[in-house]
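Me: I've got a new model open and I'd like to learn how to read it. Could you walk me through it, feature by feature?

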Amino acid sequence: MPSSSTRASGEPQPSRGADALETLLERAGVEASLIAPLARYGKLVLEQNQRFNLTGAKSQEELADHLLDGLSVASYVREPYVDVGSGAGLPAIPIAIATGMPVVMIEATTKKARFLESVLELLGLRGAVIAERAEIAGHRPALREHFASGTARALGSGPTVAELLLPLIEVGGAAVLQRGAISTSEHIALEDASLMLGGRIESDDRVEGDRRIIVVRKTGLSPPRFPRRPGIPTKRPLCV
């Protein structure tokens, strides 16, 4: 496991942030045993966010929402599990904390990948970080159609996420998509793209407000040409 680590700055503000996060998570009804490690992870995120743009969450309240959002998909995943475009580690790190399962996080930005390595070490979580683009990782024999479940958050449209994620999922496994409001046209495009990639939408669950969790079941092998070369899944989403 990588030996790099994220050091506490010694400033009082991050500590108060951890306390605030604990209170927010407790009020949200999070299981007592998960509150301390989630708050510690949140403290690391807030500290690192002062150094470079790790996440759009700038306050304890915003970050608490992201942590809760990550916990909401924990019951949908099983190992081996992969998260694509992990960024600050959402939802992968909350899932690792809640389930104890190892996580493989694919993150192309070097600074973010190093941060994720340090989080795994500091929190004693099992897992690995792959510092490369998902379009490349999806063609690696050791990773392709290897995982029983996977997530991808804030990577673009539904068809884009499906193209980056489904080639990594084994037949019978599930890609778990966290989406906000989704138009009818995007939903249809996601259905069609999933079929092209060897999957089908199995469920579409409303979580809170416009938030939803869409499960795409892998029913057959993904065609070898997917995912397309870096940047294309985002620039030219399938079926849009």
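**Reading the model**

Reply: Sure. Let's start with one pair: Thr 151 has Val 176, in S5, as its bridge partner. Keep in mind that this is a predicted model.

Me: Okay, which strands does that pairing belong to, and how do they run?
Reply: Strand S4 covers residues 147-152, and five bridges join it to S5 in a parallel arrangement. As a general idea, side chains in a regular strand alternate between the two faces of the sheet.

Me: How many residues of strand S5 are buried?
Reply: Buried here means under 20% relative accessible area. Strand S5 spans residues 169-179, and eight of its 11 residues are buried, so the rest of the structure largely encloses it.

Me: Let's zoom out. What else is in the fold?
Reply: Count the elements: the protein has nine helices and seven strands.

Me: And how do I judge whether the radius of gyration fits a compact globule?
Reply: Compare the value with what the chain length predicts. A compact globule of 240 residues would come out near 18 Å, and this protein has 17 Å, which agrees. The C-alpha atoms fill a box of roughly 50 × 40 × 30 Å along the principal axes.

Me: What share of the residues is buried?
Reply: Buried residues make up 52% of the 240. Contacts are worth a look as well: of those with a separation of 6 or more, 66% are between residues 24 or more positions apart.

Me: What about the surface and the charges?
Reply: The accessible surface comes to about 10600 Å², and carbon and sulfur atoms account for 50% of that. For charge, check the tally and then where the two sets sit: there are 28 positive and 28 negative side chains, with the centres of the two sets 7 Å apart.

Me: Now single residues. Is His 187 buried or exposed?
Reply: Read the relative accessibility against the cut-off: His 187 is at 17%, so it counts as buried. His 187 sits in helix H8, residues 184-196. Leaving out residues up to four places away in sequence, His 187 touches Ile 182, Ile 201, Asp 204 and Ile 214.

Me: Is Ala 154 buried or exposed?
Reply: Ala 154 counts as exposed, because its relative accessibility is 71%. You'll find Ala 154 in the loop between S4 and helix H7 (158-165). Sequence distance and space distance are separate readings: Ala 154 and Arg 179 are 25 residues apart in sequence, and their C-alpha atoms are 8.2 Å apart.

Me: Where are the cis peptide bonds at Pro 80 and Pro 91?
Reply: Look at omega for each bond. Glu 79 and Pro 80 are joined by a cis peptide bond with omega about 0°. Pro 80 is in the loop between helix H3 (60-71) and strand S1 (81-84). The bond from Leu 90 to Pro 91 is cis too, with omega near 5°. Pro 91 lies in the loop between S1 and helix H4 (92-99).

Me: Which phi values should I check?
Reply: Pick out positive phi in residues that aren't glycine. Glu 145 is one such case, at about 50°, in the loop between helix H6 (134-137) and S4. Cys 239 also has a positive phi, near 65°, and it belongs to the segment after helix H9 (232-235).

Me: How exposed is Cys 239?
Reply: Cys 239 is partly exposed, with a relative accessible area of 36%.

Key:
Residues numbered from 1 in each chain as written. Predicted model: local features only at pLDDT ≥ 70, side-chain atom pairs only at ≥ 80, totals over all residues. Heavy atoms only, no water. Helix = DSSP H or I, 4+ residues; strand = E, 2+ residues; numbered from the N terminus. Rg over C-alpha atoms; globule rule 2.2 N^0.38 Å. Buried < 20%, exposed > 50% of the residue type's maximum accessible area, 1.4 Å probe, protein only. Contact = heavy atoms within 4.5 Å. Areas by Shrake-Rupley, 256 points an atom, 1.4 Å probe, with all protein chains shown as cover. Lys, Arg positive; Asp, Glu negative; His and termini not counted. Charge placed at Lys NZ, Arg CZ, Asp CG, Glu CD. Pairing = 2+ DSSP bridges.
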